[in-house]
Amino acid sequence: MISYQIVEHGKPLQKLYQQTPKPAGTEVLVRVTRAGVCHSDLHIWDGYFDLGGGKRFYVKERGCVPPFTLGHEPFGVVEALGSKVKGVKVGQKRLVYPWIGCGRCAVCRAGQDNYCVSGSRFLGVNRAGAYATHVLVPDPKYLVDTSGIDDAFASTLACSAVTAYSAAAKLPALGPKDRVAVLGCGGLGLIGISVLRAKGVKHIVGCDIDPAKLAAAAKGGAREVLDTRSPEAAQALAGIAAALDFVGSPATAALGIGALRKGGRYVICGLYGGELIHPLPPIAQRAIGIVGSYVGSLQELKQVVALAKKRKLRPAPVETRPADEANQALEDLKAGRIVGRVVLDFEALAA
Ligand SMILES: [Zn+2]
Ligand SMILES: [Zn+2]
């Protein structure tokens with residue numbers, strides 16, 4: 001098999017040839033055809049998350065130690081099955097749910113693998129991921145049938161769409177005139193707008209600093225768009241019922257939290273980095289909520305896939321590039337040059 005691996009954090013990924021693994025027990029070997037490139041790949045590539053105040057969280061502390069294969073948006077074809085696998089056949093196309101927990105603890109048994117702390121096996125985070133011709137999946141229950149959905153778009157559902165969907169599920173009850181801000185209109189924000197539309201939210205304010213992303217947000221269904229660098233941004237946003245922060249920087253947090261109406265809610269899922277410093281009394285006096293959201297559950301992914309099958313999710317622009325351009329794709333994403341998502345095509349590389 002071929003994989004593109006981090007050999008040294010921050011340095012270009014290297015193309016490596018290795019023995020293709022053989023699935024055992026309940027494992028399934030998937031031949032990857034599409035792998036989405038995600039913003040959080042950039043942090044793993046760098047080797048750390050910025051916690052603000054000069055502090056960092058190093059990804060090696062959660063088991064991501066080079067050489068390491070990035071990629072948590074695998075889509076492909078079932079190639080081989082362990083002896084105990086049931087319910088899936090060789091040759092079937094499947095989307096892989098990557099937020100795999102230990103499978104044994106109480107949260108995993110309750111279907112919340114993404115909250116597992118007793119041995120998570122997140123693909124591309126602390127297990128070999130999707131920037132490869134093959135990926136090993138611990139159990140067929142993590143494979144989702146996406147027939148009828150474009151393969152490249154399907155690959156992005158397991159991260160960006162399910163993240164947006166799970167974040168949107170944490171919004172407060174909305175009245176018909178309530179405005180909801182989407183902070184950051186990159187790949188995640190655009191699918192977030194689509195998820196909000198599918199949930200019946202009418203008044204979405206797309207917020208970004210890049211005119212191209214704001215244009216994409218307007219096209220994707222935001223009723224208003226706002227350049228957050230404008231001096232009137234805070235004023236323009238004041239009174240929103242909720243904000244979904246897909247950036248997660250001190251600036252977007254200050255803007256989103258500051259603009260909430262009483263009883264409003266700020267949901268953060270962006271991992272840009274930094275720290276939140278906010279006066280405490282107004283959090284109580286304004287009865288606002290500050291909620292974190294991280295990816296989503298397998299059940300939520302199935303709901304997202306059902307929405308996409310009914311054409312209720314509008315795909316953000318998806319650009320498919322050959323797998324050999326993985327490094328360029330990461331560089332372009334880092335430089336903010338990508339509108340929507342890039343998905344790597346591994347089909348031509350299959351070895
Ligand atoms: Zn992601
Ligand atoms: Zn668990």
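**Stop 1: a zinc ion and its four sulfurs**

Welcome! Start by selecting the zinc ion listed as ligand 2: the 4 donor atoms around it subtend angles of 104 to 116 degrees, which makes the arrangement tetrahedral. Keep in mind as you travel that this is a predicted model. Now show the side chains of C102, C105, C108 and C116; their SG atoms are the protein donors of this zinc ion, and they lie 2.3 to 2.5 Å from it. Follow the donors along the chain and you can read their spacing as C-x2-C-x2-C-x7-C. Are C105 and C108 buried or exposed? Both of them are buried.

**Stop 2: the other zinc ion on the tour**

Next, select ligand 1, a zinc ion whose protein donors are C38 (SG), H72 (NE2) and C159 (SG). These donors lie 2.0 to 2.1 Å from the ion. Along the chain, the pattern reads C-x33-H-x86-C. Colour the loop between β3 (28–37) and α1 (39–46), where C38 sits, and then the loop between β6 (68–69) and β7 (74–81), where H72 sits; the pair therefore ties together parts that are 34 residues apart in sequence. With a relative accessibility of 7%, C38 counts as buried. H72 counts as buried too, at 1% relative accessibility.

**Stop 3: helix α1**

Stay in this region and select α1, a helix that is mostly covered, with 6 of its 8 residues buried. Which residues of α1 are the buried ones? They are S40, D41, L42, H43, I44 and W45. To see what they pack against, switch on β1, β3, β4, β6 and α10 (326–334). Just after the helix, click on G47, which takes a positive phi of about 100 degrees.

**Stop 4: a hairpin**

Move along to strand β4 (residues 48–52) and strand β5 (residues 55–58), which pair in the antiparallel sense over 4 bridges. Strands of a sheet pair through backbone hydrogen bonds, either parallel or antiparallel. Pick G52 and look across to β5, where its bridge partner is K55. How many residues lie between the strands of this hairpin? There are 2 residues between β4 and β5, and in this hairpin G53 takes a positive phi near 60 degrees.

**Stop 5: a sheet of 3 strands**

Select β2, β1 and β6 together: in that order they form an open sheet of 3 strands with antiparallel pairing. β2 (14–17) and β6 stand at the edges with a single partner strand each, so one side of each is left without a neighbour in the sheet. Zoom in on β1 (residues 2–6) and β6, which pair over 2 bridges. One residue to click here is I6, whose bridge partner in β6 is F68.

**Stop 6: two buried residues**

First, find G76 in strand β7. G76 is buried, its relative accessible area being 0%. Leaving out residues up to four places away in sequence, G76 touches V30, R31, V32, T33, Q92, K93 and R94. Try a distance label between the C-alpha atoms of G76 and T133: they are 57 residues apart along the chain and separated by 9.1 Å.

Then go to S155, in helix α3 (residues 151–168). S155 counts as buried, at 0% relative accessibility. A polar atom of its side chain lies 3.0 Å from the backbone oxygen of A152. Which residues does S155 contact once its neighbours within four places in sequence are left aside? Select R34, A35, G36, E73, F75, L95 and V343 to light them up.

**Stop 7: a sheet of 6 strands**

For the last stop, display the open sheet with the strand order β13-β12-β11-β14-β15-β16, in which the pairing is parallel. β13 (224–227) and β16 (289–292) are its edge strands, each pairing on one side only. On average, neighbouring strands of this sheet are turned by 20 degrees against each other, direction ignored. Take a closer look at β15 (residues 260–268) and β16: they pair in the parallel sense over 4 bridges. Click on V267, and you will find its bridge partner, V291, in β16.

Finally, add helix α7 (residues 250–259), which lies across β11 (179–183), β14 (240–245), β15 and β16. Turn the view until you can compare α7 with β15: the helix runs at about 150 degrees to that strand.

Conventions:
Residues are numbered from 1 along each chain as its sequence is written. Chains are lettered from A and ligands numbered from 1 in the order in which they are written. This is a predicted model: local features need pLDDT of at least 70, side-chain atom pairs count only at pLDDT 80 or more; totals for chains, interfaces and linings use all residues. Side-chain values use heavy atoms; hydrogens and water are left out. Donors are N, O and S atoms within 2.8 Å of the metal (3.2 Å for Na, K and Ca); water is not among the atoms, so sites may look incomplete. Four donors count as tetrahedral if all angles lie between 85 and 135 degrees; four count as square planar and six as octahedral if opposite donors are over 155 degrees apart and all others between 65 and 115; anything else is irregular. Buried means under 20% relative accessible area, exposed over 50%, partly exposed in between (1.4 Å probe, protein chains only). Two strands pair if DSSP finds at least two bridges between them. Axes are lines fitted to C-alpha atoms, for helices over the stretch in contact, and angles run from 0 to 180 degrees between N-to-C directions. Contact means heavy atoms within 4.5 Å. A polar contact is a pair of N or O atoms within 3.5 Å; within protein, one must be able to donate a hydrogen and the other to accept it, and residues adjacent in sequence count only if both atoms are side-chain atoms.
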